[in-house]
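Hello,

As promised, I am handing over the structure, which you will find just below. My notes on what turned up in it come after that.

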Amino acid sequence: MDITEIDKATLINLYSVISRIRKVQLRIEELYHQDNMKTPVHLCLGQEAIAATICENLTKQDYVFSNHRGHGHYLAKGGDLNAMIAELHCKETGCSKGRGGSMHLIDLSVGLMGSSSIVSGGIPLAVGVAFSSACKKDGLISVVFFGDAASEEGVLHESMNFAAVKKLPVLFVCENNFYSVFSHQTTRQLVTDITARPKAFGIPTYKADGRDVIDAYLKSKQAIEVVRGGQGPAFIECKAYRWRGHAGAGDELKDKYRKLDEWDEWMNCCPLQKYETLLLDNNILTDKIIDTVNSQIDVEINKAFDFANESPLPRKDELEKYLYG
Ligand SMILES: Cc1ncc(C[n+]2csc(CCOP(=O)(O)OP(=O)(O)O)c2C)c(N)n1
Ligand SMILES: [Mg+2]
């Protein structure tokens, strides 16, 4: 896996997307305790490169399904930042009209079909849309992001079997951060190699290091080429660490369910910093370009929070407007 296999524009765009997701997460965390964001939040700090590298290999029209930890997926697929921050403030201008909050982001204009707070909830939906694409022959693929805990849900297994039998254009992306809330993977699964599950259904599998942008980008590319080539589904497991608590802002090391040496090891390997150094060493980026990219992101984030704060709440008499009855 070599940086020379990726063109310069892609490398720079990946940097910008990852840094943007990082900065947005940090700002949400900083402001969360002001209590203007009336929603639980599940930050994806530490896992940013997975969303960025997968979505870099997709077209705007390809379909993406997300889960409760979905800010990175939404932004990497091209979702509107103003609308996402407004959604976290439960404002009418939010991407789900302020009715969904952080776990229910959606932007059909960029193929982000929705996010589900039900663990595994997006998986059968992605397979259904892939079935529809196969029938219509529209050439689009569906991608579903889910965590290591979702690999324990029966619906993933049924969905993988159906997708394999019907050769559907769907990519299963498992973000293995080793935890389901407070429980480590080894306390929940005897077979911790998650790719053993898709292999049992005859699905080609890939493993990527979610801290290593080059590895994650090139492995995603291979997996997506298989799916796009009409050979049926593929599965990619990307390992990364959740830097913060399961939900909310701030750090819950005090809860003592994580070992300090484990936490230290992963915190000392920041995907963004590692990537920035690589790009500087290879003369892809300069300090000046880094400053410009990051100051543009800061301006954009300030504007998004201003937009959210100035936006109206949904009207009381319209609270049930989008409910099916
Ligand atoms: C079907 C279902 N079971 C349990 C829950 C409660 N719950 C919410 S998030 C979560 C853990 C999810 O872990 P994982 O899938 O690994 O994603 P991560 O939070 O690590 O990103 C659980 C058990 C739920 N929302 N839905
Ligand atoms: Mg997990």
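**What was found**

Helix α2 (residues 48-56) is mostly covered, with 9 of its 9 residues buried. Here a residue counts as buried if 20 or more other C-beta atoms lie within 10 Å of its own, as exposed if 12 or fewer do, and as partly exposed in between, with C-beta atoms placed from the backbone. Among the buried residues of α2 are Glu-48, Ile-50, Cys-55 and Glu-56. Helices (H or I, at least four residues) and strands (E, at least two) are DSSP runs, numbered from the N terminus.

A word on the origin: this is a predicted model, in which local features need pLDDT of at least 70 and side-chain atom pairs count only at pLDDT 80 or more, while totals for chains, interfaces and linings use all residues. Residues are numbered from 1 along each chain as its sequence is written, and chains are lettered from A and ligands numbered from 1 in the order in which they are written. The protein chain averages a pLDDT (the predictor's confidence in each residue, from 0 to 100) of 96, and 99% of the residues score at least 70. Among its elements, strand β4 (residues 170-176) has the highest mean, 99, and helix α9 (residues 260-267) the lowest, 88.

Now to the sheet. It is open and has 6 strands, in the order β2-β1-β3-β4-β8-β7, with parallel pairing; two strands pair if DSSP finds at least two bridges between them. β2 (112-115) and β7 (205-209) are the edge strands with a single partner each, so one side of each has no neighbour in the sheet. From one strand to the next, the twist averages 15°.

At the β2 edge, 3 bridges join this strand to β1 (residues 63-66), and Val-64 stands opposite Leu-112. At the β7 edge, 5 bridges link β7 to β8, where Ala-208 faces Cys-238. Which side chains of β7 are buried? Tyr-206 and Ala-208 are, pointing to one face, whereas Thr-205, Lys-207 and Asp-209 point to the other and are not.

Finally, the ligand. 16 residues surround ligand 1, and the closest are Arg-69, Val-119, Gly-147, Ala-149 and Ser-180; a residue is near a molecule if its C-beta atom, placed from the backbone, lies within 6 Å of it. β3 (142-147) and β5 (179-180) each supply at least two residues of this shell.

Happy browsing!

Methods. Axes are lines fitted to C-alpha atoms, for helices over the stretch in contact, and angles run from 0 to 180 degrees between N-to-C directions.
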